Amino acid sequence: MADDLEKSAKLALSLVEGIDVSKNATLKFEVADVKIWANLGLYFAEKTRGGVALQTYRQKNDSTAKAEAVKHLAQSLAYWDEV
């Protein structure tokens, strides 16, 4: 699920990349909406991955899973900051 969400979000971002919004206020807001929703998608993908890794750490006391959880959750925060 997280992979599909990430793929869709990155596709959305690539579709609006390079669109000149300087002459059209409505287009500017539409592109901004796409970017917000795409970053929310990336946020939820990383948050999901982080949650799974955290639960794996809790159940198996696996330090690798703990590090993975921290990595994914930190990345989710970066996407949240974009929103």
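Which helix is the place of Ile 36? Keep that in mind while you click around this predicted model.

**Stop 1: helix H1.** Select residues 2-16, which make up helix H1. This helix has 15 residues and reaches 22 Å from its first C-alpha to its last, close to the 21 Å expected at 1.5 Å a residue. Now colour Ala 2, Glu 6, Ala 9 and Val 16: these are buried. They sit on the same side of H1, because they cover an arc of only 100° around the axis. Spin the view to the other side of H1 and you'll find Asp 3, Asp 4, Lys 7 and Leu 15, which are exposed. What do the buried residues of H1 pack against? Show H2 and you have your partner: they pack against that helix.

**Stop 2: just past H1.** Pick Gly 18, which follows H1. Its phi is positive, near 85°.

**Stop 3: Leu 27.** Hop over to Leu 27, found in helix H2. Leu 27 counts as partly exposed because its relative accessible area is 30%, and the band for that label starts at 20% and ends at 50%. Leaving aside residues up to four places away in sequence, Leu 27 touches Ile 19, Asp 20 and Val 21. Next, draw a distance from Leu 27 to Gln 55: they're 28 residues apart in sequence and 42 Å apart in space, C-alpha to C-alpha.

**Stop 4: Ile 36.** Back to the opening question: Ile 36 is in helix H2, residues 25-60. Its relative accessibility is 32%, so Ile 36 is partly exposed. Add Leu 77, Trp 80 and Val 83 to your selection, and together with Ile 36 they form a nonpolar patch on the surface, with about 350 Å² of accessible area together.

Notes: Residues numbered from 1 in each chain as written. Predicted model: local features only at pLDDT ≥ 70, side-chain atom pairs only at ≥ 80, totals over all residues. Heavy atoms only, no water. Patch = residues over 30% accessible without salt bridge, like charges linked within 9 Å, V, L, I, M, F, W, Y side chains within 5 Å. Areas by Shrake-Rupley, 256 points an atom, 1.4 Å probe, with all protein chains shown as cover. Salt bridge = Lys/Arg side-chain N within 4 Å of Asp/Glu carboxyl O. Helix = DSSP H or I, 4+ residues; strand = E, 2+ residues; numbered from the N terminus. Buried < 20%, exposed > 50% of the residue type's maximum accessible area, 1.4 Å probe, protein only. Expected span 1.5 Å × (residues − 1). Arc of directions from axis to C-beta. Contact = heavy atoms within 4.5 Å.
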